[in-house]
Amino acid sequence: MYLVFIKMKNQTTTSINNNRVAVVGSGIAGLSAAIRAAVAGAKVHVYEQNSYTGGKVTSFEKDGFRFDAGPSLFTLPYLVDDLFKLAGENPRDHFNYHSHDKVCNYFWRDGTRFSMYPQLDKNIEVISSNFSTMEASRVADYFSDAAKKYNLTSPYFLENSLHKLSTFMTLDVLKVLRAIPSLGLFSSLDEENKKYFKDPKLIQLFNRYATYNGSSPFLTPGIMQMITHLEHGLGTYLPRGGMHEISQSLTKLALKLGVEFHLGHKVEKLTSVQNKMVGVQANGIEHPCDTVFVNSDVKHAYSHLLPPEIKRPKKTLKQEPSSSALIFYWGIKGSFPELDLHNIFFSDDYQKEFDAIQHNGAFWEDPTVYVNITSKLEKTDAPIGHENWFVMINVPSNQGQAWDDIIPKVKKSILDRLNQELGIDIEPLIMTEELLDPRSIERKTSSVGGALYGTSSNDRMAAFFRHPNKKSSVHGLYFCGGSAHPGGGVPLCLLSAKIATDWWLENDE
Ligand SMILES: Cc1cc2nc3c(=O)[nH]c(=O)nc-3n(C[C@H](O)[C@H](O)[C@H](O)COP(=O)(O)OP(=O)(O)OC[C@H]3O[C@@H](n4cnc5c(N)ncnc54)[C@H](O)[C@@H]3O)c2cc1C
């Protein structure tokens, strides 16, 4: 095999000719791995069990409404742009996005309504007028500490492998070691937030960021404060055409690079000989290959795909799944000026809500409700005079709960809450409805239990137990996606594919 390896400005550019790469799954990380491998010169085949690409990043249309089925919040758009640039394309010719002048609307039952913005000055002003000037003065410190946590640790925890010595062989690692006492590693996010804020509503608002990776604020470590920096420091966006444009534009790019997609092809088995990957079996047919990037859930891969002689990573496979969700997609007659792109209706007791998710495997009867309305920005997502509501609550992963009994109760509780907040009976305005629950998420993506983000970060060691991006004992076996390092969410999945393919480019010969 011909291999050229050039390391420039921390970016690996390699060309591997004749390497036959199989990618299992076309989630956002699978697409990214396929593009990176194709740019490096490999012959890439993507096997996807569904009839569409994108995994959780997909959409559907019903009765004139368009809905993004999965993610609604888009951060770090440069990670998508990087893939176009790597392929020698101008990202703006293929993929564009809105930035928005409001981060989120928040609603509490006592009538408090409050919005956050991408500008610090404006947030200080609105917090002063809704809470107190003392609380407002802490906001600047909070955001600056979140930025510090993010900037110090992301090169180690997000952008590189935690399982390679080279990640830690930099002088900057000393800065991180010195900062450990202030990183919030030994307190929960809730405890960390209480160091900054006194008002329970502000604590709840900043606790919510734990859900961005499917965790509980009462268990996830305080370092997760860094997630606020993604939203407030680096900005939130909505792709033009909706979230599914991320997966669709990347699919088009992959096709342009010669990647072959085998849709409707469920991989049943990965074959290795003497600890070297040699093929994938899909729809009963064996396809020879030299390298496999597994984009499916790690637990699914070990339970169903990998040969039994490959050693199981026990601690990793025992990790708790992230939370899942119940989502109602409602086409709504009318328009609601008090709602924006992102809206949160907080529960009265966040601790009880997360205890129920965590310990009872149940939903809390007063759940926090998230309403996302892309038609606020993308006018064609709903007919004139209508809105497309994506209405979501967090629930535990599927452990065999009686979802068919739970779902009508959840729907009633959501409707009661929205009726009260918006002062109107919502149910008659629902023109069309679809539902996604942990079972259907699992069925459509093979994510065990319908977990949204792979494994949770409810343990301070979670990052270290997440599956590495390379299986060190097997030649040519790599992992990318939400259940592998560095974890779930669109940006981290894109990073996981970069780490996995960089590793492949450095190692294979
Ligand atoms: C409702 C919801 C809301 C979310 N909100 C956000 C958000 O606002 N922001 C954010 O950043 N993230 C969000 N996420 C999480 C985000 O969508 C995921 O972390 C990310 O998209 C996962 O990508 P992935 O690469 O791990 O692959 P997945 O999307 O999990 O896809 C895996 C793919 O592999 C295929 N596959 C699996 N096994 C096989 C097999 N044996 N053979 C062939 N194909 C196989 C599946 O069919 C699937 O297409 C949300 C997710 C959901 C469901």
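# Ligand shell, sheets and backbone details

A polar side-chain atom of His300 sits 3.2 Å from a nitrogen atom of the ligand. The model is predicted. The protein buries 96% of the 1,000 Å² that the ligand exposes when taken alone. The domain assignment splits the protein into domain 1, domain 2 and domain 3. The points below cover the ligand, the domains, the sheets, a hairpin and some backbone details.

**Ligand surroundings**

- The shell around the ligand counts 40 residues. Glu48, Lys56, Gly482, Gly489 and Val490 come nearest to the ligand.
- By class, the shell holds 16 nonpolar residues, 20 polar residues and four charged residues.
- Two backbone contacts involve ligand oxygen. A polar backbone atom of Ile28 is 3.3 Å from an oxygen atom of the ligand. For Leu452, a polar backbone atom lies 3.5 Å from an oxygen atom of the ligand.
- Five elements give two or more residues each to the shell: helix H1 (28-39), strand S4 (43-48), helix H11 (298-305), helix H15 (438-445) and helix H17 (490-507).
- Which element gives the largest share of the shell? H17 does, with three residues.

**Domains**

- Domain 1 is assembled from three segments, 3-53, 241-319 and 458-507.
- Domain 2 is one segment, 118-235.
- Domain 3 combines 323-396 with 399-436.
- The C-alpha centres of domain 1 and domain 3 are 34 Å apart.

**Seven-stranded sheet**

- Seven strands make an open sheet with mixed pairing. Their order is S9-S8-S17-S18-S19-S16-S20.
- Strand S9 (113-116) and strand S20 (430-436) are the edge strands. Each of these two pairs on one side only.
- From one strand to the next, the twist in this sheet averages 20 degrees.
- Strand S8 (residues 104-107) runs parallel to strand S17 (residues 342-345), and three bridges pair them.
- Within that pair, Tyr106 has Ile344 of S17 as its bridge partner.

**Three-stranded sheet**

- A second open sheet has three strands in the order S12-S13-S14. Its pairing is antiparallel.
- Why do S12 and S14 each have one side without a neighbour in the sheet? Strand S12 (267-273) and strand S14 (285-288) stand at the edges and each has a single partner strand, so one side of each is left without a neighbour in the sheet.
- Here the twist averages 30 degrees from one strand to the next.
- Strand S13 (residues 276-282) pairs with S14 over four bridges, in the antiparallel sense. Ala282 stands opposite Ile285 in S14.
- The loop between S12 and S13 contains Asn275. Asn275 is not a glycine, yet its phi is positive, at about 60 degrees.

**Hairpin of S5 and S6**

- Strand S5 (residues 59-62) and strand S6 (residues 65-68) run antiparallel and are joined by four bridges.
- Ser59 has Asp68 in S6 as its bridge partner.
- How many residues lie between the strands of this hairpin? There are two, and Asp63 takes a positive phi near 50 degrees.

**Cis peptide**

- His485 and Pro486 are joined by a cis peptide bond, with omega about 0 degrees.
- Pro486 is placed in the loop between strand S21 (477-479) and H17. H17 also gives three residues to the shell around the ligand.

Key
Residues numbered from 1 in each chain as written. Predicted model: local features only at pLDDT ≥ 70, side-chain atom pairs only at ≥ 80, totals over all residues. Heavy atoms only, no water. Pairing = 2+ DSSP bridges. Axes fitted to C-alpha atoms, helices over the stretch in contact; angles between N-to-C directions. Near = heavy atom within 4 Å. Polar contact = N/O pair within 3.5 Å; in protein donor to acceptor, adjacent residues only side chain to side chain. Areas by Shrake-Rupley, 256 points an atom, 1.4 Å probe, with all protein chains shown as cover. Nonpolar A, V, L, I, M, F, W, Y, C, P; charged D, E, K, R; others polar. Domains from an automatic or database assignment.
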